[in-house]
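User: I would like to learn how to read a model of a protein chain, going from its overall build down to single residues. Could you take me through it one feature at a time?

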Amino acid sequence: RRGDVHKGHFGHVLVVGGDQGMGGAVLLAAQASARTGAGLVSTATRPEFVTAVLVRSPSVMAHGVNSGLELQPLLARASVLAAGPGLGQSSWSELLLQQVLQAEQPLVLDADALNLLASPAWHCQFSGREVVLTPHPGEAARLLGCSIAEVQADRFRAAQQLAQRFAAVVILKGQGTVIASPQGELALCTDGNAGMSTAGMGDVLTGVVSGLLAQ
């Protein structure tokens, strides 16, 4: 980075999630985004989790939201959106996701954002918008309407199908993570280890990807 830059040069990530019982997920994603180098990071989560976010990561701008309308001014200030970590599938979750999907910024979708998207009532595709989906095999199977065994039998094909169906970049997690673009490009990540099989790792990935997009 040049010596005369400031935080405004490196994007503003808004992480949306953290429903009841899952406040740590949005915190992990926000912290990962900040550590990856995003200039600014905000969270939109349940009001009761704001204190925990600030105690763990005081540089993160933590906001408690109760409705989709309360989310709108936060969306307007962000340059990259990340939705899904700890989002849940409640009415609160659905209201927030509706607002996120109607926005125009680059977007990372994970976890329950993908599970909600798998419902026919939510189906959409993102042509013209920079979007990254980060499903594990179970979420990929729900999005494709098939079994996990079918996804694992041909992970390259599953990732390609998702990328084309949603017009988004897809990161299909697992041993040998597959990255697919809507244009047919494929990449294989051979890094990683069994120690990554732990709760919160996907939330961290969402934060890393959104932090890189912001820059």
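**Reading the model step by step**

Analyst: Let us begin with a single position: Ala167 is placed in the loop between α8 (155–166) and β7 (169–172). Please keep in mind throughout that this is a predicted model.

User: What is the sign of phi at Ala167, a residue other than glycine?

Analyst: Phi of Ala167 is positive, with a value near 50°. Ala111, which lies in the loop between β5 and α5 (112–117), likewise has a phi near 50°, again a positive value in a residue other than glycine.

User: Is Ala111 buried or exposed?

Analyst: The term buried applies under 20% relative accessible area, and exposed applies over 50%. Ala111 has a relative accessible area of 16%, and therefore counts as buried. Glu104, found in the loop between α4 (91–102) and β5 (107–109), has a relative accessibility of 73% and so counts as exposed.

User: How far apart are the C-alpha atoms of Glu104 and Glu94?

Analyst: These two residues are ten places apart along the chain, and their C-alpha atoms are separated by 18 Å.

User: How many helices and strands does the protein chain have, and what does its radius of gyration say about how compact it is?

Analyst: The protein chain has nine helices and nine strands. Its radius of gyration is 16 Å, close to the 17 Å that the globule rule gives for 215 residues, so the chain is as compact as a globular protein of that length. Along the principal axes, the C-alpha trace spans about 45 × 45 × 35 Å.

User: Which share of the contacts between residues at least 6 apart in sequence joins residues at least 24 apart?

Analyst: That share is 63% in the protein chain. As for burial, buried residues make up 51% of the 215 residues.

User: Which residues have the most contacts inside the largest nonpolar core?

Analyst: This core has 42 residues, and those with the most contacts inside it are Leu14, Leu71, Leu97, Leu109, Phe126 and Leu133. If neighbours within four places in sequence are left aside, Leu109 is in contact with Ala83, Leu97, Leu101, Leu114, Leu117, Phe126, Val132, Leu133 and Thr134. There is also a second, separate core of 19 residues, which includes Val26, Leu27, Ala30 and Val80.

User: Finally, how much area does the protein chain expose, and how many positive and negative side chains does it have?

Analyst: The protein chain exposes about 9900 Å², of which carbon and sulfur atoms supply 53%. It has 13 positive and 15 negative side chains, and the centres of the two sets lie 5 Å apart.

Notes: Residues numbered from 1 in each chain as written. Predicted model: local features only at pLDDT ≥ 70, side-chain atom pairs only at ≥ 80, totals over all residues. Heavy atoms only, no water. Core = buried A, V, L, I, M, F, W, Y, C linked by side-chain atoms within 4.5 Å. Buried < 20%, exposed > 50% of the residue type's maximum accessible area, 1.4 Å probe, protein only. Contact = heavy atoms within 4.5 Å. Helix = DSSP H or I, 4+ residues; strand = E, 2+ residues; numbered from the N terminus. Rg over C-alpha atoms; globule rule 2.2 N^0.38 Å. Areas by Shrake-Rupley, 256 points an atom, 1.4 Å probe, with all protein chains shown as cover. Lys, Arg positive; Asp, Glu negative; His and termini not counted. Charge placed at Lys NZ, Arg CZ, Asp CG, Glu CD.
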